Amino acid sequence: MTRIDVETSNADRTMDANDPRNETRRLSGRILVDGVLREAEADTQFEVIHPGDLSVIGTAPRCGSADADLAVEAARRAQILWRGVPARDRGRMLQKAADAVETEHVLVERVLSLDTGNALRTQARPETASAIDLTRMFGGLAGELKGETVPAATRNVLHYTTRDPIGVVAGIIPWNAPLFLFAAKIAPAIAAGNTVVVKTAEQAPFCVLLMAEIMNRELPPGVLNVISGYGEECGRPLVEHPVVRKVTFTGSLAVGQQIAGYAAQKLCPVTLELGGKNPGIVLADADLDLAIPGIIDGMRYTRQGQACTAASRVFIHEKIYDRVVEGVAAKLAEIRVGDPLDETTDMGAIISAEQFERTLNYMEIAKNTPGARVIFGGEKPVDPKLTTGYYYPPTFLDGIGLDSEVCRDEIFGPVATALPFNDFDEMISQANDTPYGLSANLWTRDLSRALEYVDRIEAGFVQVNQCAAPRSNVSYGGLKMSGLGKEYALDSMLNHFCASKTVLINRGTPGNLV
Ligand code: ADP
């Protein structure tokens, strides 16, 4: 496509201040570098589609290495000044930036819903609030950037460590929770005195660009830069840029491995949040009033199952199997699938044609499996309002073996499988039989069993009798092939976005005062 010129006057912004399509048109063709929303160096753009009705909501620059260079250079210049700003002042600016986003939250959450197809009421609004909360939290934590003093081994030596900024950080984010993940990358990095270049996901660039634009009113130019483009063309040169000294990524395992490979060439540290094929487990003594809605929340059905923490393998004890399965089916029938921007909608649309096809393919495998049963969902909607978007109902299956791709692969769609069990030890080894180790949920009234599960389950984010989504101040990260490092809490800022120096100063002996 050729470059298009888009009106960006203030008059446009006030025409219908909360119409997200006006906003995505205004942001079309733009990147944010050095505090300025500008055209990219790249002369091609790609269309961004609203998954709810397949309309084109705007175009985003298909940046390559020229734009990555431009943004990294702006970040490098800004870093020289930013690292000299006292930490608590940096934090205060970050908090003001969070306040500015909050002032415009109605618009931001609508753009998020338009970008992603996630339902406004159940997803986009709470996600926007969480992104603001996380940004504010890291602003407040900036005063915690402390080193340590160490008892010196030698007399007269002052021995201490520092916590310094690393430099320029690259953030690569996906489309499934773009605002929250954006905040999780940039807030700890910026509070710690780094400057950042983020590459948005090609499917959902506008909400992030908008949030960054608003934050730039409170941050010095160049501290926070945003570019758009495809992975290999734009993400890779950004990661490989010699000035970038830290990479933080959320996305698929395959891309995480590639990024770790690029970063390894320059021994650049990476934080990786990758996939999961997570277990939800219901023991025979569980409180089913908690467990049944918990299975549904845990599967993140109202985000179309497009969550790394989606608990898509649901192990249910044989004694209560039928009751649980019937209870889940009854509750799934209450989920209203529809227009993401409609306040009455519980569950919006799958992000893209590619992800929609992926869900259909796994359903094809499931339906061709002898003995498989569709307990709920499993058919594309026929309602004409839902046939022009990537809508698929919440789907619950059983009769599928653990060796099936349906039970082994991360589908990243609204499809979960129920698995009966009667032996705790065998079930735990089945739950652990995956290369991933992200999250796990268990329901029981037996404290001793719960603690045994906590001990034996191979997952980084473990819950009992609940299945909350990751949030601020709760350290989050995967084991095994689900990732490297932790996010969302103080340890993320201290351990992932700081460089440390060990300092030894021989203070000698005091001189003569006279
Ligand atoms: P998903 O399957 O959720 O789309 P991906 O891992 O494919 O997740 O993409 C997550 C992010 O990584 C996106 O911003 C994408 O553009 C980016 N990406 C994909 N491939 C590469 C790559 N080779 N180098 C850097 N970034 C990449």
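Is lysine 480 buried, partly exposed or exposed? In this predicted model, lysine 480 comes out as partly exposed, with a relative accessibility of 36%. Lysine 480 sits in strand E21, and its phi is a bit of an oddity: near 50 degrees, so positive although the residue isn't glycine.

Asparagine 465 makes a good companion. Its phi is also a positive value in a residue other than glycine, near 60 degrees. Asparagine 465 is found in the loop that links strand E20 (461–464) to strand E21 (479–480), and it is partly exposed at 28% relative accessible area. For background, most residues other than glycine have a negative phi.

Now to the sheet. Seven strands line up as E15-E16-E17-E14-E13-E19-E20, making an open sheet with mixed pairing. Strand E15 (373–376) and E20 are at the edges; each has a single partner strand, so one side of each has no neighbour in the sheet. On average, neighbouring strands here are turned by 20 degrees against each other, direction ignored.

At the E15 edge, the partner is strand E16 (residues 395–398): the two run antiparallel and are joined by three bridges. Within this pair, arginine 373 stands opposite aspartate 398 of E16.

Two helices lie across strands of the sheet, as listed here:

| Helix | Lies across | Angle |
|---|---|---|
| H13 (residues 353–367) | E15, E16 and E17 (415–421) | about 25 degrees to E16 |
| H15 (residues 424–431) | E13 (279–282), E14 (313–317) and E17 | about 180 degrees to E14 |

Strand E17 turns up in both rows, lying under H13 and under H15.

Notes
Residues numbered from 1 in each chain as written. Predicted model: local features only at pLDDT ≥ 70, side-chain atom pairs only at ≥ 80, totals over all residues. Heavy atoms only, no water. Helix = DSSP H or I, 4+ residues; strand = E, 2+ residues; numbered from the N terminus. Buried < 20%, exposed > 50% of the residue type's maximum accessible area, 1.4 Å probe, protein only. Pairing = 2+ DSSP bridges. Axes fitted to C-alpha atoms, helices over the stretch in contact; angles between N-to-C directions. Contact = heavy atoms within 4.5 Å.
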